[in-house]
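The report that follows describes a predicted model. It takes up salt bridges, chain composition and helix packing in turn.

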Amino acid sequence: MDASLHDAYEAMPRLRIVIAQGVAIEMTTPQHSMSQTNWAQMRDAASGSSTAQASLDAIARRAWPAIYAFVRASGHTNDAATDLTQGFIADVFLGRNLIEKADQERGRFRTLLMSAVRNYLNDSHRRKTAVTRTPALGLRSLHAMHDVGHEVQDLAGVSPERAFHTRYVGAIVRAAASRLQRELVADGNEISWEVFRMRVLQAAMTGDVRGYDEIANALGIDKGTCAARVLLAKRRFAKLLKEEILTTVEDPADLDDEVAQLLALLGSR
Amino acid sequence: MNHEPTPSTSPQGSSRDSAESLSDTLRWAFQLDASPALTGATWLAREIVPDASDAFEAITATTTSLAALRELKSAFKMLRSCGATTAERSLAARLYAATLAAALIRHRELITSQDPANLLRAFTELTDDDTMPDRVRDLAALAIDFVRNK
């Protein structure tokens, strides 16, 4: 790591934690507001403002799973992929390369991010230096790895692009779900969150589907109420999901097109 | 647009591609927006009676079980108070009354603790509402006779 990067790294204790421990996105993890677009957060992260640290943390938190998945599906071991992901975040995020490109290219954060990761991997020099950084930054624990999303099993035989998009959408869904949880709990509506988590989120994230009968029994409510709670949570979730996707496009008019593209990308092998 | 119930996956989970699960979730989340004709009431009805084309069919079909009518009643009861718009809450109130009528006529069961006066008022409002399909209004008329003669 060069001197300026090292200084920046040292100056941001929160980022050091993110890099050293990996970014575990859990439903109960407090999230920074995602009202800003990813570009606005990136520019803020580089600005040295009072919110720079929070912006960097938020954007690294969101991007980590997709970056890691791309690297891992490119044939790297867990440890190497973790290291390379850490290196990418340290070099590209802190190095401001991505921020400069974002200003130049503007458009979809997803496209920019994947292109930057691909280029990073193609840079053998950076890859080597990233590996040598391992002892200083530490390796993420197996527990943290699981939090990122079952990469080890899921990424076998998956193209880097598909792995990237799956994790990218997964992070958006998790962010929206996390906000939904906070909203419902704040409303004293924990039971709707539980129904949504068991019926929808679990299926989306782990493929484990639970029927209304099972959920109703577990929560002590009837099936009809269960379905109604899913409907009401679904509407709020859709609104939050839109807001999250909107943070990744420069022009709000691109929302529908971005959703269509994400669906197409998830559907392609 | 065909109705898609809540995103479903294989029971084993691991055999299903996680990209497919996420894709299902995205489609599901935006489903109501993409198809304004698919009302919350219809979505709810199909969650409980998957073969029904809409809420009215779910309620009036002779094949709908008493258990399903009880579930529909609970769902519409909640939508009646928590629906997104006044129109949706009003529709849910009508559908709630219709499930009570269907349970009475199809299964000879009273699935509410409401007193007869309230029941008659709800059924009468249903029969008088010309925005409701004839099959629902007919069911309500039969329910009025049933309550009066009991």
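Which residue forms a salt bridge with A:Glu258, and how many Å apart are the closest N and O atoms? The partner is A:Arg110, and the closest N and O atoms of the two residues are 2.7 Å apart. A:Glu258 belongs to helix α16 (residues 255–267) of chain A and A:Arg110 to helix α7 (residues 109–122) of chain A, so this salt bridge ties together parts that are 148 residues apart in sequence. Both ends of the pair are covered: A:Glu258 is buried, with a relative accessible area of 0%, and A:Arg110 is likewise buried, with a relative accessible area of 4%.

This pair belongs to a wider set, since a search of the whole structure finds 15 salt bridges over all chains. Among them are two in which A:Arg179 takes part, one with A:Glu243 at 2.5 Å from N to O and one with A:Glu244 at 3.0 Å from N to O. A:Arg179 lies in helix α12 (residues 160–186) of chain A, whereas A:Glu243 lies in helix α15 (residues 223–246) of chain A, and the two residues are 64 residues apart. The pair of A:Arg179 and A:Glu244 also links α12 with α15 of chain A, here across 65 residues.

The three salt bridges described so far are set out below.

| Salt bridge | N to O distance | Separation in sequence |
|---|---|---|
| A:Glu258 and A:Arg110 | 2.7 Å | 148 residues |
| A:Glu243 and A:Arg179 | 2.5 Å | 64 residues |
| A:Arg179 and A:Glu244 | 3.0 Å | 65 residues |

Are the residues around A:Arg179 buried or exposed? A:Arg179 itself counts as buried, at 18% relative accessibility, because the limit for a buried residue is under 20%. A:Glu244 counts as buried at 1% relative accessibility, while A:Glu243, at 29%, counts as partly exposed. The arrangement extends to a further residue, for A:Arg179, A:Lys239, A:Glu243 and A:Glu244 are linked in a network of salt bridges.

The setting of these pairs is a chain built with 16 helices and zero strands. Of the 269 residues of chain A, 55% count as buried, and among contacts between residues at least 6 apart in sequence, 73% join residues at least 24 apart. Chain B, for its part, has eight helices and zero strands, which follow one another along the sequence in the pattern α-α-α-α-α-α-α-α. In chain B, 54% of the 150 residues count as buried, and residues 24 or more positions apart account for 51% of the contacts with a separation of 6 or more.

Helix α15 of chain A also takes part in a contact between the chains, where α15(A) packs against helix α1 (residues 18–29) of chain B at an angle of about 100°, with the two axes 9 Å apart. That angle makes α15(A) roughly perpendicular to α1(B). On the side of chain A, the residues that meet α1(B) are A:Val230, A:Lys234, A:Phe237, A:Ala238 and A:Leu241, and their counterparts in α1(B) are B:Thr25, B:Leu26, B:Trp28 and B:Ala29. By character, the residues of this contact divide into seven nonpolar, one polar and one charged.

Within chain B, what is the angle at which helix α3 (residues 40–48) and helix α5 (residues 66–82) pack? The angle is about 150°, with the axes 10 Å apart, and α3(B) and α5(B) are therefore roughly antiparallel to each other. Their crossing is right-handed. The contact brings B:Gly40, B:Ala41, B:Leu44, B:Ala45 and B:Ile48 of α3(B) together with B:Ala68, B:Glu71, B:Leu72, B:Ala75, B:Phe76 and B:Leu79 of α5(B). These residues divide into nine nonpolar, one polar and one charged. An α-helix has 3.6 residues a turn, so residues three or four places apart point the same way.

The covering of α3(B) reaches beyond the residues that meet α5(B), given that nine of its nine residues are buried. The buried residues of α3(B) include B:Thr42, B:Trp43, B:Arg46 and B:Glu47, in addition to B:Gly40, B:Ala41, B:Leu44, B:Ala45 and B:Ile48.

Key: Residues numbered from 1 in each chain as written. Chains lettered and ligands numbered in written order. Predicted model: local features only at pLDDT ≥ 70, side-chain atom pairs only at ≥ 80, totals over all residues. Heavy atoms only, no water. Axes fitted to C-alpha atoms, helices over the stretch in contact; angles between N-to-C directions. Helix = DSSP H or I, 4+ residues; strand = E, 2+ residues; numbered from the N terminus. Parallel < 35°, antiparallel > 145°, perpendicular 65-115°, else oblique. Left-handed = near helix turned anticlockwise from the far one by under 90°. Contact = heavy atoms within 4.5 Å. Nonpolar A, V, L, I, M, F, W, Y, C, P; charged D, E, K, R; others polar. Salt bridge = Lys/Arg side-chain N within 4 Å of Asp/Glu carboxyl O. Buried < 20%, exposed > 50% of the residue type's maximum accessible area, 1.4 Å probe, protein only.
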